[in-house]
Amino acid sequence: MSDNHVYKILELTGSSPDGTDAAIRNAITKASETVRDIQWFQVLETRGHVADGKVAHWQVTIKIGFTLED
């Protein structure tokens with residue numbers, strides 16, 4: 001195996017009523033069901049839904065990078 005790596009980047013949006021961390025984890029967990037070798041993530045945007053004057057739901061858009069196979 002080579003020490004040279006090439007990465008592919010995907011953009012995802014995870015959501016959760018439990019906070020931004022849970023939204024990120026949901027996105028990565030779901031992506032890892034079909035994408036191998038996920039190496040990193042970057043948060044691009046955070047937003048939420050307000051209901052009755054309270055935060056009801058979080059959405060976090062991330063980029064994930066994964067290694068392409070040799």
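Trainee: How many salt bridges turn up in a search of the whole structure?

Mentor: Four. A salt bridge here is a side-chain nitrogen of Lys or Arg within 4 Å of a carboxyl oxygen of Asp or Glu. Before we go on, some ground rules. This is a predicted model, where local features need pLDDT of at least 70 and side-chain atom pairs count only at pLDDT 80 or more, while totals for chains, interfaces and linings use all residues. Residues are numbered from 1 along each chain as its sequence is written, and side-chain values use heavy atoms, with hydrogens and water left out.

Trainee: Which residue does glutamate 69 form a salt bridge with, and which parts of the chain does the pair link?

Mentor: The general idea is that side chains of opposite charge can pair when their charged atoms come close. Here, glutamate 69 pairs with arginine 36, with 2.5 Å between the closest N and O atoms. The pair links distant parts of the chain, 33 residues apart: glutamate 69 sits in the segment after E3, and arginine 36 in the loop between H1 and E2. The H and E labels are DSSP runs numbered from the N terminus: helices (H or I, at least four residues) and strands (E, at least two). Both glutamate 69 and arginine 36 are exposed. Exposed means over 50% relative accessible area, buried under 20%, and partly exposed in between (1.4 Å probe, protein chains only).

Trainee: What does lysine 30 form a salt bridge with, and what about arginine 47?

Mentor: Lysine 30 meets glutamate 33, the closest N and O atoms being 3.2 Å apart, and both of these residues are exposed. Arginine 47 meets glutamate 45 at 2.8 Å, N to O. Arginine 47 counts as partly exposed because its relative accessibility is 30%, and glutamate 45 does too, at 42%.

Trainee: On to the sheet. In what order do the three strands run?

Mentor: Two strands pair if DSSP finds at least two bridges between them. In this model the order is E1-E3-E2, an open sheet with antiparallel pairing. E1 and E2 are the edge strands, each with a single partner, so one side of each has no neighbour in the sheet. On average, neighbouring strands are turned by 15° against each other, direction ignored; the axes are lines fitted to C-alpha atoms, for helices over the stretch in contact, and angles run from 0 to 180 degrees between N-to-C directions.

Trainee: How many bridges join E1 to E3, and how many join E2 to E3?

Mentor: E1 and E3 share 10 bridges, and E2 and E3 share 12. For landmarks, look at glutamate 11 opposite lysine 63, serine 16 opposite tryptophan 58, and valine 43, whose bridge partner is isoleucine 62.

Trainee: Is isoleucine 62 buried or exposed?

Mentor: Buried, because its relative accessibility is 0%. Skipping neighbours within four places in sequence, isoleucine 62 has contacts (heavy atoms within 4.5 Å) that include Leu10, Ile24, Ala27, Ile28 and Phe41.

Trainee: Then how far apart should the ends of helix H1 be?

Mentor: The expected span is 1.5 Å times one less than the number of residues. H1 has 12 residues (20-31), so 16 Å is expected, and the end C-alpha atoms are 17 Å apart, which agrees.

Trainee: Which residues of H1 are buried?

Mentor: Ala23, Ile24, Ala27 and Ala31. Seen down the axis, they fall within an arc of 100°, so they line one face of the helix; the arc is that of the directions from the helix axis to the C-beta atoms. In general, an α-helix has 3.6 residues a turn, so residues three or four places apart point the same way. The cover over the buried residues of H1 includes strands E1 (7-16), E2 (38-51) and E3.

Trainee: Last one: where is aspartate 52, and what is its phi?

Mentor: Most residues other than glycine have a negative phi. Aspartate 52 lies in the loop between E2 and E3, with a positive phi near 55°. Those two strands form a hairpin with two residues between them. Aspartate 52 is exposed because its relative accessible area is 80%. Aspartate 37 also has a positive phi, near 60°; this residue lies in the loop between H1 and E2 and counts as partly exposed because its relative accessibility is 40%.
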